[in-house]
Amino acid sequence: MNEFSKFDRCLNRENTNSVKHDRYRDSEILPMWVADMDFSVAPEITEAIRSRLDHDVYGYTHAPESLNKLIVERMQRLYQWSIKPEWLVWIPGVVAAVNIACRSIGDANSQMLSPAVVYPYIAHAAELSNRYLQKVPMVSRQQRWVMDSEWLAGRNDANDEILLLCNPHNPGGSVYSREELSELASIAEARDWVVVSDEVHCDLIFERNLKHIPIASLNPTIEQQSITLMAASKTFNLAGLGCSFAIIPNQQLRRNFRQASTGIVSHVNLFGYISTQAAYQQGEKWHQQLLDYLRGNRDYLREEINQIRGLKLDPVEATYLAWIDVSGLGLDNPHRFFEQAGVGMSPGREFGDNGFMRLNFGCSLTTLKEAVLRMRTAVDNHWDQKNV
Ligand SMILES: Cc1ncc(COP(=O)(O)O)c(C=O)c1O
């Protein structure tokens, strides 16, 4: 058995109430939308859950001290960022954390600056939190989508209070560079914005010369003006276990965040803590193998997609989510077009651009090849029918 065969062998997820798979339960459509992967988790995680399961009592559980210590060490080791255990706030999900953060900052007049094209639940947080949403235009720098810092630097509105950053960016997978982050940080510092930074994809970077940098780690000023959100969930395929953490160095921000969640956000799942700890402590080998496998999928996908007339895929630096430009096909409803072809992707319009589709390549290469074949066939037929 070669090193990667475990990722080729995906389990059947029928009858597991999988959100991803049940959308297309009684159809032949391949589920390639919501961001969870088809792979079994690292065996060390299953083992850790199993051994806790044997205890038979599953009462309210707080974060293990050893887990807090692990996160502190992890931030130091990976990012040379010295954090304190008391800065950590555990929450069941990153989306919940984004929403709590928005509710805990400013008031009903406050404006939230969010990337114009982004994971939809980030932008939705403004409305749900009764805040105004200002969309920050995205610019393509060397085929990487990032927020337009010049546009941000030109802002002069006292109601702007929150800058939402998604790094690595979903969709598109760009990893913000130190220079780009420093630019954003100095704008935020000058205007006193709080940066809410969703970094849930930080461990899914494919390029060996790229490195994740938490914006909060840049300097003590931005550290005090930031809420950093992370989780093991995307990388280690634990989304159903509901466990993530916020790093909030500023005491007042932390207090407000805790207050906004009190009585609304329930305890983190006990198995969320167990799996997160096992992932960070024992999952590194599996993680590296995963990155190798996903890198292979990404390279295959990019090569193939760019040979299909009317489709275009820029380099994907991180995340297992390909942001495919389908605008060349001139379709009103590309989502329906590809569903009819048997490929169930996420519609770009939900992220802010109807000319794109987001494809989740966290699946076996066999499944990915089948998806590409279906897409190519459908697009070829489309051009044939147009007779061009
Ligand atoms: C950028 C980003 N943030 C948050 C989430 C969801 O996080 P959670 O399931 O912890 O709420 C996702 C899921 O795809 C995501 O891509």
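Start by selecting strand 9: 5 of its 5 residues are buried, so this strand is largely enclosed by the rest of the structure. Keep in mind as you look around that this is a predicted model.

**Stop 1: strand 9 and its two faces**

Show the side chains of strand 9. Which residues point one way, and which the other? Ser226, Thr228 and Met230 point to one side, while Ile227 and Leu229 point to the other, and all of them are buried.

Now add strand 8 to your selection. Strand 8 covers residues 194-198 and strand 9 covers residues 226-230; the two run parallel and are joined by 4 bridges. Two of the residue pairs can be picked out here. Val196 has Ile227 of strand 9 as its bridge partner, and Ser197 stands opposite Thr228 of strand 9.

Next, bring in strand 10. How do strand 9 and strand 10 pair, parallel or antiparallel? Their pairing is antiparallel, over 3 bridges. To find one spot in this pairing, select Met230, whose bridge partner in strand 10 is Phe245.

**Stop 2: the whole sheet**

Widen the selection to the sheet that these strands belong to. It is an open sheet of 7 strands in the order 2-10-9-8-7-3-4, with mixed pairing. At its edges you will find strand 2 (88-91) and strand 4 (132-136), each of which pairs on one side only. Turn the view and compare neighbouring strands: on average they are turned by 20° against each other, ignoring direction.

Then show helix 11, residues 251-261. This helix packs on the sheet, where it touches strand 2, strand 8, strand 9 and strand 10 (244-247). The direction of helix 11 makes about 20° with that of strand 2.

**Stop 3: helix 5 with helix 6**

Select residues 94-104 for helix 5 and residues 120-128 for helix 6. Two packed helices are described by the angle between their axes and the distance between the axes. For helix 5 and helix 6, the axes come within 9 Å and cross at roughly 35°. The crossing of helix 5 and helix 6 is right-handed. Which residues make the contact? From helix 5 they are Val95, Val98, Asn99 and Cys102, and from helix 6 they are Tyr121, Ile122, Ala125, Ala126 and Leu128. Colour them by type and you will see 8 nonpolar residues, 1 polar and no charged.

**Stop 4: helix 3 with helix 12**

Move on to helix 3 (residues 43-53) and helix 12 (residues 270-282), whose axes are 8 Å apart and pack at an angle of about 140°. The two helices are therefore oblique to each other. The crossing of helix 3 and helix 12 is right-handed. On the helix 3 side, the contact is made by Glu44, Ile45, Ala48, Ile49 and Arg52; on the helix 12 side, by Phe271, Ile274, Ser275, Ala278, Ala279 and Gln282. This contact between helix 3 and helix 12 divides into 7 nonpolar, 2 polar and 2 charged residues.

While you are here, select Val41, in the loop between strand 1 (30-31) and helix 3. Is Val41 buried or partly exposed? With 19 C-beta neighbours inside 10 Å, Val41 counts as partly exposed. Leaving out residues up to four places away in sequence, Val41 touches Thr46, Phe236, Asn237 and Leu238. For another distance, pick Ile71: Val41 and Ile71 are 30 residues apart in sequence and 20 Å apart in space, C-alpha to C-alpha.

**Stop 5: the sheet of 4 strands**

Now select strands 11, 12, 15 and 14. These 4 strands form an open sheet in the order 11-12-15-14, with antiparallel pairing. Strand 11 (312-313) and strand 14 (346-347) are the edge strands, each pairing on one side only. Strand 14 and strand 15 are joined by 2 bridges in the antiparallel sense. Zoom in on Ser346 to find Arg358 of strand 15 standing opposite.

**Stop 6: Phe361**

The last selection is Phe361, in the loop between strand 15 (356-360) and helix 15 (365-386). Phe361 is buried, with 25 other C-beta atoms within 10 Å. Not counting neighbours within four places in sequence, Phe361 is in contact with Leu294, Asn297, Arg298, Leu301, Tyr320, Ala322 and Leu368. Finally, add Arg295: Phe361 and Arg295 are 66 residues apart in sequence and 9.9 Å apart in space, C-alpha to C-alpha.

How values were computed:
Residues are numbered from 1 along each chain as its sequence is written. This is a predicted model: local features need pLDDT of at least 70, side-chain atom pairs count only at pLDDT 80 or more; totals for chains, interfaces and linings use all residues. Axes are lines fitted to C-alpha atoms, for helices over the stretch in contact, and angles run from 0 to 180 degrees between N-to-C directions. Angles under 35 degrees count as roughly parallel, over 145 as roughly antiparallel, 65 to 115 as roughly perpendicular and the rest as oblique. A crossing is left-handed if the near helix is turned anticlockwise from the far one by less than a right angle, and right-handed if clockwise. Two residues are in contact if their C-beta atoms, placed from the backbone, lie within 7 Å. Ala, Val, Leu, Ile, Met, Phe, Trp, Tyr, Cys and Pro count as nonpolar, Asp, Glu, Lys and Arg as charged, and the others, Gly among them, as polar. Two strands pair if DSSP finds at least two bridges between them. A residue is buried if 20 or more other C-beta atoms lie within 10 Å of its own, exposed if 12 or fewer, and partly exposed in between; C-beta atoms are placed from the backbone.
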